[in-house]
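Visitor: I'd like a close look at one part of this protein: the aromatic rings and what sits around them. Could you walk me through it?

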Amino acid sequence: MSTPPLSALPIRRLTPRDLTACADLSEDRGWPREEHKWGLLLAAGKGYGIDDPEGGLVTACVVTEYGSPSRPDLCAIGMVLVAQRHARQGVGRRLMRHVVADMGDAPLTLYATPYGRPLYEELGFKTIGSSEMVRGHFTAGGPPSPVPTRPATGEDLATLVRLDEEVFGADRTHVIARLPAFADQLRVAEENGRIIGYAGAWPNMDTHVVGPLIARDTETAKALVASLAAHTDRPLRTDVDVRHESLLRWLTERGLATVGTNAVMTYGIPDLPGDWTRRFAPVTVAAG
């Protein structure tokens, strides 16, 4: 039997059972397998993919919806991948068109690499900002932070959900509630017993990714990062909104270096909701 053309292969919803196939697809494109991250995305979001008749996946992506399930306030698209053997045949464009149509009139956002940005622009996405990925071993130094931090507890979760919605601009309870199990560390910053920020550090291959990073101000963000770094021997990695120049400069002084940049893009809205001045880093760029 002849192999059907790519255009005839159906797009289907992925589930957590497809985790290994998604990780294989990442590896096929030279990305880390990132099984831990794929697990979160497939559990908290909607996966889309095309099965390869010869085994594995032709393409895949994940959409994480925030707000009301019936009418999301924001949908984040991430992990858009096409197998190397099927690259440059229009399959990624077909998948993205399907996803955009499936989301209806819901506002969309994504982080675009320089490689993927032309496709998203063709589909109508607009660049509204950028983020800088930094990585390296954190070196402590300078005077101790005046902002106290501590490990988050189960009693903090409701407060974190409320603070996060205020800053992010949409309810993402289904993601925040998974952080205690997903992250190796989850810490809060306080002032007079009131939580003014929080951050997680989750394992990704040989690093700990700092995200989310929500803080009242830059000093609070620094205190949270330093407290996370004090409890790990791994290099840190995070994606910081480039408007937070002071934090990026401080991270560089502490030993992290820029390893890449991504364009922040939207579809259907002129800008992201929420308060960017307190939103320093996402959980992961794949989830907005």
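Guide: Here is a tour of the aromatic pairs, moving out from there to the helices and the core. Keep in mind that this is a predicted model.

Let's start with the ring pairs, which come to 5 in total. Take Y66 and F168: their ring centres are 5.0 Å apart and the planes sit at 70°, and since anything over 60 degrees counts as edge-to-face, so does this pair. In sequence the two partners are 102 residues apart, with Y66 in strand β3 (residues 57–67) and F168 in helix α5 (residues 157–168). Y66 has a relative accessible area of 0%, so it is buried. F168 comes out at 5% relative accessibility and is buried as well, because the cut-off is under 20%.

F168 has another neighbour to look at: R172 lies over the face of its ring, 4.0 Å from the ring centre. You'll find a similar arrangement where R243 lies over the face of W276, at 4.1 Å from the ring centre.

Now for the helix that carries F168. The buried residues of α5 are L160, V161, L163, D164, V167 and F168, so an acidic residue, D164, is on that list too. As a check on geometry, α5 has 12 residues, which at 1.5 Å a residue should span 16 Å, and the C-alpha atoms at its ends are indeed 16 Å apart. Just after α5 comes G169, with a positive phi of about 90°.

Y66 also leads us into the nonpolar interior. The largest nonpolar core has 40 residues, and Y66 is one of those touching the most other members, along with W38, L42, L179 and Y198. There is a second, separate core of 27 residues, which includes I50, I77, V100 and A112. Back in the largest core, L42 has contacts beyond its sequence neighbours, among them L14, L19, C22 and V62.

While we're here, K37 deserves a look. This lysine is in helix α2 (residues 35–44), and at 5% relative accessibility it counts as buried. Setting aside its neighbours within four places in sequence, K37 is in contact with M79, F182, W202 and T284.

What about the other rings? Y120, F125 and Y267 form one aromatic cluster. Inside that cluster, F125 is buried at 2% relative accessible area, whereas Y267, at 26%, is partly exposed.

Last stop, helix α9 (residues 245–253), where the buried residues are L247, L248, W250 and L251. These cover an arc of only 160° around the axis, which means they are on the same side of α9. An α-helix has 3.6 residues a turn, so residues three or four places apart point the same way. On the other side of α9, E245 and E253 are exposed. The cover over the buried residues of α9 includes β6, β10 (207–215), α8 (218–229), β11 (236–241) and β13 (279–281). After α9 comes G255, and its phi is positive, near 110°.

How values were computed: Residues numbered from 1 in each chain as written. Predicted model: local features only at pLDDT ≥ 70, side-chain atom pairs only at ≥ 80, totals over all residues. Heavy atoms only, no water. Helix = DSSP H or I, 4+ residues; strand = E, 2+ residues; numbered from the N terminus. Buried < 20%, exposed > 50% of the residue type's maximum accessible area, 1.4 Å probe, protein only. Contact = heavy atoms within 4.5 Å. Core = buried A, V, L, I, M, F, W, Y, C linked by side-chain atoms within 4.5 Å. Phe/Tyr/Trp six-rings, centres within 6.5 Å; stacked < 30°, edge-to-face > 60°. Lys NZ or Arg CZ within 6 Å of the ring centre and 35° of its normal. Arc of directions from axis to C-beta. Expected span 1.5 Å × (residues − 1).
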